[in-house]
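Student: Could you walk me through this one before I start my own notes? I would like to begin with the overall layout and then go into the interior.

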Amino acid sequence: MKKLLFLSVMLLSVLTASAQFEQGKWYAGASLSGLNLKYNGSEDLNFALNAKAGYFFADDIMAVAEVGYNHNKNISDYFTFGAQGRYYIEQNGLYLGAGLKFVRANSNYNDFMPGIEVGYSFFISKTVTIEPAIYYDQSFKNHSDYSSIGLKIGFGIYLDPKD
């Protein structure tokens, strides 16, 4: 009986999760990275906060706009603005993302950084998720100093305008 109940709960959670990745839904989210969860050649302490908004223009495919603020111990703080596309694998909540960010620090540093990420949308309610992700951002400047690989933890809210 316990196995049947567990199987039923797991099946319902998968069905609920897949319903959130439908065309026409909106997404709002934020993520936190840094606190030594990322590495590049020029930074010791890093703290980053990002805000995101997205729209599912097709089932399982979302366009995301992102803005962020990064605080660094060794180099000046910087702002990021970017866009990303995400593809969700409905069966398990895993997503694959690729995008481009513009990085602006002081008046002497500008960079475009293409990046990729792999994340997971863990639903804690019907519309709210916790989203851990591993990412890589490639710098067009000094690659070893500014390219980054890291882990970020975020949350997301999936909204249906029909509700």
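Tutor: What follows is a conversation about a predicted model, moving from the fold to the core, the cavities and a few single residues.

Student: How many helices and strands are there in the protein?

Tutor: The protein holds 2 helices and 9 strands, and read from the N terminus the elements are ordered α-β-β-β-β-β-β-β-β-α-β.

Student: And what percentage of the residues is buried?

Tutor: Of the 163 residues in the protein, 38% are buried. As for the outside, the protein exposes about 9200 Å², with 69% of that supplied by carbon and sulfur atoms. Among contacts with a separation of 6 or more, 51% are between residues 24 or more positions apart.

Student: OK, the interior then. Which residues make up the largest nonpolar core?

Tutor: The largest nonpolar core consists of 10 residues, namely F21, Y27, F56, M62, V64, Y88, Y95, F123, A133 and Y158. There is also a second, separate core of 5 residues, with V103, A105, Y109 and M113 among them.

Student: Take F56 from the first one. What is F56 in contact with, leaving aside neighbours within four places in sequence?

Tutor: With those neighbours set aside, F56 is in contact with Q20, F21, E22, Q23, G24, K25, I61, M62, Y88 and Y158. F21, M62, Y88 and Y158 are also listed as members of the largest core.

Student: Changing topic: how many cavities of 30 Å³ or more are there?

Tutor: The structure has 2 cavities of 30 Å³ or more, and the largest cavity contains about 110 Å³ of space. Its lining is made of 15 residues, and those that lie nearest the centre are E66, Q84, K101, E117 and D137.

Student: Which strands supply at least two residues each to that lining of the largest cavity?

Tutor: Those strands are β4 (78-89), β5 (94-105), β6 (109-120) and β8 (128-137). The largest share comes from β6, which gives 4 residues to the lining of the largest cavity.

Student: How do the lining residues of the largest cavity divide into nonpolar, polar and charged?

Tutor: The lining of the largest cavity has 6 nonpolar, 4 polar and 5 charged residues.

Student: And what lines the second largest cavity?

Tutor: The second largest cavity has about 50 Å³ of space, and its lining is formed by Y27, A30, S31, K52, R86, Y95, E117, E131, K152, G154 and F155. The elements giving two or more residues to this lining are β1 (26-39) and β9 (148-159). By type, the lining of the second largest cavity comprises 4 nonpolar, 2 polar and 5 charged residues.

Student: Now some single residues. Is T129 buried or exposed?

Tutor: T129, placed in strand β8, is buried because its relative accessible area is 0%, and the cut-off for buried is under 20%. Leaving aside neighbours within four places in sequence, T129 is in contact with S121, F122, F123, I124, G154, F155, G156 and Y158.

Student: Where is D60 found, and what is its phi near?

Tutor: D60 is found in the loop between β2 (46-58) and β3 (61-72). The phi of D60 is near 70°, a positive value in a residue other than glycine. Most residues other than glycine have a negative phi.

Student: Why does D60 count as buried?

Tutor: D60 counts as buried because its relative accessible area is 12%, where the cut-off is under 20%.

Student: What about Q138: where is it found?

Tutor: Q138 is found in the loop between β8 and α2 (143-146), and its relative accessibility of 23% makes it partly exposed. Q138 and D111 are 27 residues apart along the chain, and their C-alpha atoms are separated by 9.9 Å.

Student: And which strand holds I149?

Tutor: I149 is in strand β9, and at 48% relative accessibility I149 is counted as partly exposed. From I149 to D137 there are 12 residues in sequence and 6.5 Å in space, C-alpha to C-alpha.

Student: Last one: what is N110 in contact with, leaving aside neighbours within four places in sequence?

Tutor: With those neighbours set aside, N110 is in contact with F102, V103, R104 and K141. N110 lies in strand β6 and counts as partly exposed, at 32% relative accessibility.

Key:
Residues numbered from 1 in each chain as written. Predicted model: local features only at pLDDT ≥ 70, side-chain atom pairs only at ≥ 80, totals over all residues. Heavy atoms only, no water. Core = buried A, V, L, I, M, F, W, Y, C linked by side-chain atoms within 4.5 Å. Buried < 20%, exposed > 50% of the residue type's maximum accessible area, 1.4 Å probe, protein only. Contact = heavy atoms within 4.5 Å. 1 Å grid on protein atoms, 1.4 Å probe; cavity = no way out; pocket = protein on both sides within 12 Å on 5 of 7 lines; lining within 4 Å. Points joined across faces, edges and corners; volume = space filled by probe spheres on them. Nonpolar A, V, L, I, M, F, W, Y, C, P; charged D, E, K, R; others polar. Areas by Shrake-Rupley, 256 points an atom, 1.4 Å probe, with all protein chains shown as cover.
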